[in-house]
Amino acid sequence: MPTAENAAAPLLNVAEMQGRGRALVAAQPLRGGQVVLRDSPILLYSALPFTGGPSSSSSTTIHRYCDHCFRALQSAPVLCPSCRHHAFCSPACLGVASVSSHSPWACQTLARLIDCSSFLGQPPELQVQARFLVASYNLSITSPEDFQVLQSLQGRDICSDDTASSVQLLHPLIASVCPPPPTPFPHGFSPELSANLLSKDKLNAFGLMEPFGAGGERSVRAYGIYPRASFFNHDCLPNACRFDYVDTVPDHNTDIVVRMIHDVPQGREICVSYFPVNLNYPSRQKRLAEDYGFRCECDRCNVEANWSDHEEDVDDGVEEMEDEGGDEMEGSSDADIEAEKENDFPHEYFFVRYVCNRENCFGTLAPLPPSADGAASEIMECNVCGQLKRANDGEEEEMGE
Ligand SMILES: C[S@@+](CC[C@H](N)C(=O)[O-])C[C@H]1O[C@@H](n2cnc3c(N)ncnc32)[C@H](O)[C@@H]1O
């Protein structure tokens, strides 16, 4: 039970781990549901491609989110008086944005990109990468200290072919439209720096998700760089997961909160999953190799590496965990099948207890934080659909919306 003394002590230490870089490790025993990190973004950018352009006026552009705090817009937005393209939820948000995310330099650069027809013809992913580059160079002007933090995050040593071709197109385009900064860029402005920044983004950005849709779509509203949360390594059976409450909390609405999924002892590495936990083994390995540059050797991958039925799962990357290993079990008795399943998939308890059973959700469940006296909560919260359920020996009982 946390005492007043150890509640004030650090919960996580940063440690260097062989083959894994920096990692976050439990500095004391941690309880399921405990909040181990609350982190604010140093940079946020929209996950949507640009809309508008020379033929559109601001009155025809649909503004879905505040361009600073990314809350869903409920009423008529406050438009930026200079570009008339960017929309804010309130005059206060516009005021903060005008000296940070939407500085005069960012405002003019984005407005000129929006008016550039050759840019608007580019694929949506490239337009979103342009948003990140403009936000990063803007950060170097408005907050050089935060820009240094961004640069200190892990990136890829060797620029991937994808990143190289994005930079080849985007860097000269941004250079040709952006006005001179108020003072020379304190950290430079070059294709090499753009490539370096894009590789940091790929490894470290967290997506702020749209509310869970009825069809189970998981679309991203905005991406953020969260410097302390960036130290979490990946595990395919994570012991922590992150929550965000962009539309529901009044202050610091873009903060992310990382909570323990279950108890862990002091000294254990705390990991999150970089994607939904229901992805199958080949899809997880492919994604980790291509996007994050490493081969996962977690307990779950070591077991699943020996399964023989990966091929059929590769197409959609999603699997029903209970069906795994079924092909090899024909002709066996029920007891044999159960025993074989148990051997094949010793981690099944994780999916029963900690994966949301709402259709198409596949979110991760973590208990609500323990009470002030340290008592564990029996209420589990899904980090994707937000549903609350009562945990009951692995059977969850829904508690309504
Ligand atoms: C968001 S960073 C995590 C923090 C990072 N270790 C650091 O030193 O800053 C993601 C990178 O950490 C490394 N990483 C994360 N999880 C790993 C794992 N399970 N095994 C090996 N490397 C991992 C990979 O290099 C990955 O691209």
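Here is a walk through this structure, from its sheets to its helices and on to the ligand. Keep in mind as you look around that this is a predicted model.

Let's start with the sheets. Strands of a sheet pair through backbone hydrogen bonds, and they can do so in a parallel or an antiparallel way. One sheet to look for is an open one of three strands, in the order 4-8-7, and its pairing is antiparallel. At its edges you'll find strand 4 (43-46) and strand 7 (205-209), each of which pairs on one side only. Neighbouring strands here are turned by 30° against each other on average, direction ignored. If you want to follow one pairing up close, take strand 7 and strand 8 (residues 220-225): they run antiparallel and are joined by five bridges. A handy spot to begin is Ala205, whose bridge partner in strand 8 is Ile225.

Now move to another open sheet of three strands, this one with the order 3-11-10 and antiparallel pairing. Strand 3 (35-39) and strand 10 (240-244) are the edge strands, so to speak the outer rails, each pairing on one side only. In this sheet, the average turn between neighbouring strands is 20°, direction ignored. Strand 3 pairs with strand 11 (residues 256-260) in the antiparallel sense, over four bridges. To see where they face each other, find Asp39, which stands opposite Ile256 in strand 11.

On to the helices, where helix 5 is a good guide. Begin with its meeting with helix 3: helix 3 (residues 104-114) and helix 5 (residues 124-142) pack at an angle of about 160°, and their axes are 10 Å apart. Angles over 145 degrees count as roughly antiparallel, and therefore that is how helix 3 and helix 5 are described relative to each other. The crossing of helix 3 past helix 5 is right-handed. Which residues meet here? From helix 3 come Trp105, Ala106, Thr109, Leu110 and Leu113, and from helix 5 come Ala130, Val134, Asn138 and Ile141. Sorted by class, the residues of this contact are seven nonpolar and two polar, with no charged ones.

Helix 5 also meets helix 6 (residues 144-152). Their axes come within 5 Å and cross at roughly 130°, and helix 5 and helix 6 are therefore oblique to each other. On the helix 5 side, the contact involves Ser136, Leu139 and Ser140, while helix 6 brings Pro144, Asp146, Phe147 and Leu150. This contact of helix 5 with helix 6 has four nonpolar residues, two polar and one charged.

Then there's helix 8. The axes of helix 5 and helix 8 come within 10 Å and cross at roughly 110°, which makes helix 5 roughly perpendicular to helix 8. This crossing is right-handed. Gln129, Phe132, Leu133 and Ser136 of helix 5 make the contact with Ser194, Leu197, Leu198 and Asp201 of helix 8. By class, the residues of the contact between helix 5 and helix 8 are four nonpolar, three polar and one charged. You may recognise Ser136, which is listed in the contact with helix 6 and also in the one with helix 8.

Finally, let's visit the ligand. There are 17 residues around the ligand, and those that come nearest are Gly21, Arg22, Gln154, Asn233 and Tyr292. Which element gives the most to this shell? The answer is strand 2, with three residues. Strand 2 (21-26), helix 8 (191-204) and strand 9 (233-234) each supply at least two residues of the shell. So helix 8, which you've just seen meeting helix 5, turns up again around the ligand. As for the make-up of the shell, the classes are six nonpolar, eight polar and three charged residues.

Definitions and conventions: Residues numbered from 1 in each chain as written. Predicted model: local features only at pLDDT ≥ 70, side-chain atom pairs only at ≥ 80, totals over all residues. Pairing = 2+ DSSP bridges. Axes fitted to C-alpha atoms, helices over the stretch in contact; angles between N-to-C directions. Parallel < 35°, antiparallel > 145°, perpendicular 65-115°, else oblique. Left-handed = near helix turned anticlockwise from the far one by under 90°. Contact = placed C-beta atoms within 7 Å. Nonpolar A, V, L, I, M, F, W, Y, C, P; charged D, E, K, R; others polar. Near = placed C-beta within 6 Å.
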